[in-house]
Amino acid sequence: MRGFYIGRFQPYHNGHHRMVEEIATEVDELVLGIGSAGDSHSPRNPFTAGERIMMVNKAVTDFDITTYAVPIEDLDRNSVWVSHVQSMSPAFEVAYSNNPLVIQLFKEAGVEVHQSPMFNREVLEGTEVRQRMIEDRDWESLVPDEVADVVREIDGIERLQRVTATDGAERVADGEDRDPNPC
Ligand SMILES: Nc1ncnc2c1ncn2[C@@H]1O[C@H](COP(=O)(O)OP(=O)(O)OP(=O)(O)O)[C@@H](O)[C@H]1O
Ligand SMILES: NC(=O)c1ccc[n+]([C@@H]2O[C@H](COP(=O)(O)O)[C@@H](O)[C@H]2O)c1
């Protein structure tokens, strides 16, 4: 049986990895959808689809499962998103997600959906990993070693810090961070 698991994987972390480990007990092939594939170089989505493909492909060699990483770009219309996914992916019988919108869309399209527990969600969250990267705090312990290697290879920390700094400057320019009561 073939499954499908989509995430933004910005970056692919140990929570995703634990989920793939569980999924590997249920299916023999897994499509990893690289969500929001067109997004990169922003604080929320720093890594390109190609870089995320490197991360997941190298990390999943830990498991005895055949995987296919498929980039999936976002669409403005949620109502046709599942058809879009199906048009880009090898056929699959079951989708895995903990994202309420993704679960809803697959169920409405008649696709079986399995959820998993959230693993150590206090720290195993992309937002937390990126925050630690920005602040030069330990992020390596939250991702598979192969992912840390890819982030270093692409100078990912420097990129994330730069795009985050640029964003801050834009906010100031837009007036969001300006003192509302300047003397
Ligand atoms: N710690 C975790 N345990 C189990 N599932 C997780 C965990 N973290 C994320 N997931 C699930 O993996 C899928 C992809 O998640 P996603 O790539 O958005 O990661 P995220 O950690 O939620 O990132 P971000 O904080 O950047 O939104 C979603 O279904 C999400 O619920
Ligand atoms: N209309 C759409 O394009 C649409 C709908 C639902 C999910 N998605 C994408 O699927 C992925 C879901 O992953 P997360 O669970 O990581 O949020 C994201 O990349 C999200 O943008 C896209």
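Trainee: Hi! What kind of unit do S2, helix H2 and S3 make?
Mentor: Together, S2, helix H2 (residues 49-59) and S3 form a right-handed β-α-β unit. Right-handed means that, with the strands pointing away from the viewer, the path from the first strand over the helix to the second runs clockwise. Helices (H or I, at least four residues) and strands (E, at least two) are DSSP runs, numbered from the N terminus.

Trainee: Anything I should know before I go on?
Mentor: Yes: this is a predicted model, in which local features need pLDDT of at least 70 and side-chain atom pairs count only at pLDDT 80 or more, while totals for chains, interfaces and linings use all residues. Residues are numbered from 1 along each chain as its sequence is written, and chains are lettered from A and ligands numbered from 1 in the order in which they are written.

Trainee: OK, back to the strands. How many bridges join S2 to S3?
Mentor: There are six bridges between S2 (residues 29-34) and S3 (residues 66-71), and the two strands run parallel. Strands pair if DSSP finds at least two bridges between them.

Trainee: And which residue in S3 is the bridge partner of Leu32?
Mentor: That is Ala69. Both Leu32 and Ala69 are also in contact with Val56, as are Phe9 and Tyr12, leaving aside neighbours within four places in sequence. A contact here is two C-beta atoms, placed from the backbone, within 7 Å.

Trainee: Is there a core? Which residues have the most contacts inside the largest one?
Mentor: Tyr5, Ile34, Met55 and Val56 do, and that nonpolar core has 39 residues. Such a core is a set of buried Ala, Val, Leu, Ile, Met, Phe, Trp, Tyr and Cys residues joined through C-beta atoms within 7 Å. Elements that each supply at least two residues of the core include S1, H1, S2, strand S4 (94-96) and helix H6 (145-153). H2 gives the largest share, six residues.

Trainee: What counts as buried?
Mentor: A residue is buried if 20 or more other C-beta atoms lie within 10 Å of its own, exposed if 12 or fewer, and partly exposed in between.

Trainee: So in H1, which residues are buried?
Mentor: Gly15, His16, His17, Met19, Val20 and Ile23 of H1 are buried. These buried residues pack against S1, S2, H2 and S4.

Trainee: New topic: the ligands. Which residues come nearest to ligand 1?
Mentor: Of the 18 residues around ligand 1, Gly7, Gly15, Asn98, Gly126 and Thr127 come nearest. Helix H1 (14-23) and helix H5 (126-134) each give two or more residues to this shell, with H1 supplying the largest share, three residues. To be in a shell, a residue needs its C-beta atom within 6 Å of the molecule.

Trainee: How do the classes divide there?
Mentor: The shell around ligand 1 has five nonpolar, 10 polar and three charged residues. Ala, Val, Leu, Ile, Met, Phe, Trp, Tyr, Cys and Pro count as nonpolar, Asp, Glu, Lys and Arg as charged, and the others, Gly among them, as polar.

Trainee: And which residues come nearest to ligand 2?
Mentor: Here Gly7, Gly35, Ser36, Asp74 and Asn99 come nearest, out of 14 residues around the ligand. Strand S1 (2-7) and helix H4 (100-108) are the elements giving two or more residues to this shell. The shell divides into six nonpolar, six polar and two charged residues.

Trainee: Any odd spots in the backbone? Where does Phe9 lie?
Mentor: Phe9 lies in the loop between S1 and H1, and has a positive phi of about 50 degrees although it is not a glycine. Pro11 is also in the loop between S1 and H1, and the peptide bond from Gln10 to Pro11 is cis, with omega near 0 degrees.

Trainee: Why does Phe9 count as buried?
Mentor: Because Phe9 has 26 C-beta neighbours inside 10 Å. Asp136 is exposed, with 9 other C-beta atoms within 10 Å. Asp136 sits in the loop between H5 and H6, and its positive phi is about 55 degrees.

Trainee: Last one: is Ile72 buried or exposed?
Mentor: Ile72 is buried, because 21 other C-beta atoms lie within 10 Å. Its place is the loop between S3 and helix H3 (81-88), and the residues in contact with Ile72 include Ile6, Ile34, Val85 and Met88.
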